[in-house]
Every structure is written in C-alpha cells, then in structure tokens.
Amino acid sequence: MSTGTTIKSLQDIMRKDAGVDGDAQRLSQLVWMLFLKAFDGHEAEQEQRNPSYTSPIPERLRWRTWAKNPEGLTGEALLDFVNHDLFKTLKALPAKGKHATMAAVVRGVFEDAHNAMKSGTLMRQVIQKLNALDLHRASDRHELGDLYEKLLADLQNAGNAGEYYTPRAVTQFIISQVNPRLGEKVLDPACGTGGFLTCALEHMRTQDVKSPRDEAALQASILGVEKKPLPHVLCVTNMLLHGIEVPSNIHHGNALARPLRDYGPEDQVDVILTNPPFGGIEENGLETHFPPELRSRETADLFLVLILTLLKKGGRAALVLPDGILFGEGVKARIKERLLRECNLHTIVRLPKGVFHPYTGIKTNLLFFTKGEPTQELWFYEHPYPAGARSYSKTRPLRLEEFEPEKHWWTHRQETEHAWKVRIGEVQARGYNLDMKNPRARDDAPGDIEGLVRQYREAAAEAVRARNAVRDELRDALERPPQ
C-alpha cells in the first residue's frame, strides 16, 4: 500500500473518533505510534545480533506485546491500558541503570505526547493499518518523512512558522557536494524529521564504513537539534530505521536558546547541513543571546550567526536560505559581512519558485561555504526549470537528476548562461547585497500556453481539494455530539 493510500485510510478512521479534532491531533496521535512500532523493529534486530539484549521498555508495553497481535486489546480495555499504563510508565522510565541512555530517548519521545483518541475500537483499526507498514523495508523507510510532510501539508497553517521541509532532491544534491566523511562531526541544528542527517548517514556509510569500528564512529558523529516535538520524534524514529542504535544525539530543544558566548571549541563541528526555518520569528528576549550588532528576531538570521559560531576552522556548511536574506539590509547586511569575512562563500545556487510547494512559493538559495578564510570571489549558479516547465508543483516536483549540470560544472567552473562570477569588491560596494541577477538571463516570453493551462488546472484542482477538506472538517465538527 502506498504512503498516500495509507495516510488516507488512517485519516478516514481517525475522523470518526470524537477525541481527535483536526489534522494536527491526527498527526500527533500517529507519531508516538510510529515511534513505538519502529522501536520494536529496531529491538528485534538488536536481539538477533545479541541474544542477551534486554529492552528499556517493560515487556507488557512493547509494541509486539499489545499492538502487533490483531486479536489483542481493543475497546475500553485498550484505552485504559494506553492512558493509565503505557503513557504513565514511559514518561517515567528510570534515568539511571543499565539502559539509562536508551530509556532517556524513549522518555523524551513521550514527555510531550498524549493519547487523544476516545474509541479503543478505532484505535485498534489504526494500529492494524500501521502494522501493515514494513518500516524496515527501504521503500517504506524513505517514505516516513513523506508521511509526516503529507500530513503537515493538510494543515491549514502549514508554512506559517517557516516549516518548509526540504525536498529530497535538494538534500541529496547538498550532501553530494559537501561530501561529509567518516571522522567528521555532522550537525543539523534545525533537523526536522532528519532528512539531511539520514542522507549524510547513508552517504558516509557507503563511502567509508568498512568495519564495526567504523560504524560505531559514524553513529557517534551524527548530531541534530529540533525544537518542535513531532518532527523531533520522527527524527529519532528515522535514526532508528537508519541503523542508529541509540539516537541520543538527537536533542529536543531550540538550538538558538543557548547564549552564543557559552559555546566553546568542544561544541564545534566539521560539517553543518540545514534548512533553518525562514519567515519564522523567535520569542522576545532570545535575540539577547547574540552580539548586539547581530541581533534579530528572524529565525533564519540567527541560525546563520549560530552556524558561523559552531563551524570549525576548515569546516564546511551548506544551508537553504530565502531571497530575503540575500538582499536584506541592516542586521542582515552585517551578518553577511561577517560571513564573507570569516568564510569562503564559494557558491550560491539560486533555485526558482515552487521548489518548496505546497508550503511556499518563495524563491530559495543554497549557500555553500568553508570557514577559515575570507571570500575573494563568489560563484552563482541559476538553476533553471526543466524543458517545457514554468514552475514546480505537487505533480511535478524538483528531481535529483536536474542537478546533474551543476555537478558537472562544480569542479571545472566556467561562466555559462546559468553560471557567473562576482568579485568580493562588488559585493562590498553593493552594501553586501547578494541578490545578484544573472547577467545573461533572457527575458522569456510567457511560454507554452498549453503548459500554462495545465498548471492552472492543477492549481484549481488543488484549491478544490483544499476547500472540500475544510468543508469536511467543519461538517465533522458540527455533526460531532457535544461532550
């Protein structure tokens, strides 16, 4: 069963439950269940390798015990078990002892979780659907992040807090060009569901891991921080599914909350890969953790300053940033001045509109830099739409193979119709405005009329689906009996 079909069937079941109000609660409900299912599969692999393995979770609370059996608990008995035993015990797993580290991971997952469902019968139906997913099969594992993103896209406020989840093609291109290697610490300080980290993990494992000692070193080198509880849980789950035995280096918290002056050499890393939330605004007072001349309440600004602090000399970084930072003045200009003074910002790949559809139509950029020497010259590469396309959409997303021209150009750079070079003096003269237009850009005509009509029809169909979803939500809410 495809991810889309599974999601639809899960939503159809959960819409019938009087306790689950809207897609946000449905998402929250599914996340803790997905974690327990994935954790159980992870433990099964551990038991095969080590017969003496014991779980940090009491036997009665393991997924295999209460959820995997199709004839297991249901109805009121299931609700009572989940509400008064499962959650109560997992939130209070011991902080000391043989399994303290893994127990802390599980406890962290459940500290902000709760069960919203009021029908144990419907909960059993949801569990049965989840049991049909083989999360340790590569195809299903890669779709775990998609499952979260598809649910997130259903929320009416998707993108309002800068939650723009990175297309896999962008993630894979960034990893291939930065090329993290074994022995390097890799950090994503805004890791979401773990797309960059799992991609880096697979890349390094393929390139360098030849022995159990290499694998152990790799697992210790992947670091992440995520502010929001739901993507944090899915990132931990993703790490388990990608072979991280104890994903204790995936922290739940705001990476911006620690004062910059508190970071020392021991906190610095070799590689930073991230898509920090853009368009988001941080809470009052948090900007005081940063130097006065670099203070901003915009999340992406602060993350760029944090990255400059956390990157080692010689370290490499790649991040996704919106156009606004490139042409922004004031604090943004001072941040860019520091970036260009402390780092070699060697490449900016300018992406067209629609890459982050359906969250936003904002144009975005991929910045690649190395810390330790100032920028002398900066290359831009304007990524074009594929032939015949005028935008990206849900049915026509950005694909990895579209980055092949950039890859071929990367090591033997020449100016082309898509690539051009700028000296740092010109950037300084422009007040550190990096919003450089392609000097060879052509003023295209409107383009293929049939293609434009097709895009309009796709957009109109999506609008109808969104309107119908809102209508169904309202109808369900109005028809739901009063509590």
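Reader: Does the length add up for α13, I mean, what span should helix α13 have and how far apart are its end C-alpha atoms?
Author: Helix α13 covers residues 299–310, and at 1.5 Å a residue its 12 residues should span 16 Å. The end C-alpha atoms are 16 Å apart, which agrees. The expected span is 1.5 Å times one less than the number of residues. Helices here are DSSP runs of H or I with at least four residues, strands are runs of E with at least two, and both are numbered from the N terminus.

Reader: And where do these numbers come from?
Author: This is a predicted model, in which local features need pLDDT of at least 70 and side-chain atom pairs count only at pLDDT 80 or more, while totals for chains, interfaces and linings use all residues. Residues are numbered from 1 along each chain as its sequence is written, and side-chain values use heavy atoms, with hydrogens and water left out.

Reader: Ok, back to α13. How many of its residues are buried?
Author: 12 of 12, so α13 is mostly covered, where buried means under 20% relative accessible area, exposed means over 50% and partly exposed is in between (1.4 Å probe, protein chains only). The buried residues include Asp301, Phe303 and Ile307.

Reader: What does α13 lie across?
Author: Five strands: β1, β4 (269–274), β5 (311–322), β6 (343–350) and β7 (364–371). α13 runs at about 165° to β5; axes are lines fitted to C-alpha atoms, for helices over the stretch in contact, and angles run from 0 to 180 degrees between N-to-C directions. Helix α15 packs on the sheet too, touching β6 and β7, and its direction makes about 120° with that of β6. Contact means heavy atoms within 4.5 Å.

Reader: What's the strand order in that sheet?
Author: β3-β2-β1-β4-β5-β7-β6-β8-β9, which is 9 strands in an open sheet with mixed pairing. β3 and β9 are the edge strands, each pairing on one side only. The twist averages 15° from one strand to the next. Two strands count as paired if DSSP finds at least two bridges between them.

Reader: Zoom in on β2. Is the strand mostly covered or mostly open?
Author: Covered: 5 of the 5 residues of β2 (222–226) are buried. Ile222, Gly224 and Glu226 sit on one side, with Leu223 and Val225 on the other, and both faces are covered.

Reader: How many bridges join β2 to β1, and how many join β2 to β3?
Author: 3 bridges join β1 (186–188) to β2, and these two run parallel. Another 3 bridges join β2 to β3 (250–252), again parallel. Gly224 is the bridge partner of Asp188, and Ile250 in β3 is the bridge partner of Gly224. From β2 the chain crosses through helix α12 (229–241) to β3 in a right-handed β-α-β crossover. Right-handed means that, with the strands pointing away from the viewer, the path from the first strand over the helix to the second runs clockwise.

Reader: New topic, electrostatics. How many salt bridges does the whole structure have?
Author: The search finds 26, taking a salt bridge as a side-chain nitrogen of Lys or Arg within 4 Å of a carboxyl oxygen of Asp or Glu. Asp40, Glu43, Glu47, Glu59, Arg62 and Arg64 are linked in a network of them.

Reader: What about α15, which residue does Arg338 pair with?
Author: Glu342, at 3.0 Å from N to O. The two are 4 residues apart in helix α15 (331–342), so about one helical turn separates them. Arg338 is buried at 14% relative accessible area, whereas Glu342 is partly exposed at 24%.

Reader: Which parts does the Arg440 and Glu415 pair tie together?
Author: Their side chains meet in a salt bridge at 2.8 Å, N to O. Arg440 lies in the loop between α17 (424–429) and α18 (449–479), and Glu415 in the loop between α16 (404–410) and β9 (419–423), so the pair ties together parts that are 25 residues apart in sequence. Arg440 is partly exposed at 37%, and Glu415 is partly exposed at 39%.

Reader: Last one: how far apart, N to O, are Arg399 and Glu402?
Author: 3.5 Å, in another side-chain salt bridge. Arg399 is partly exposed at 41%, while Glu402 is buried at 10%.
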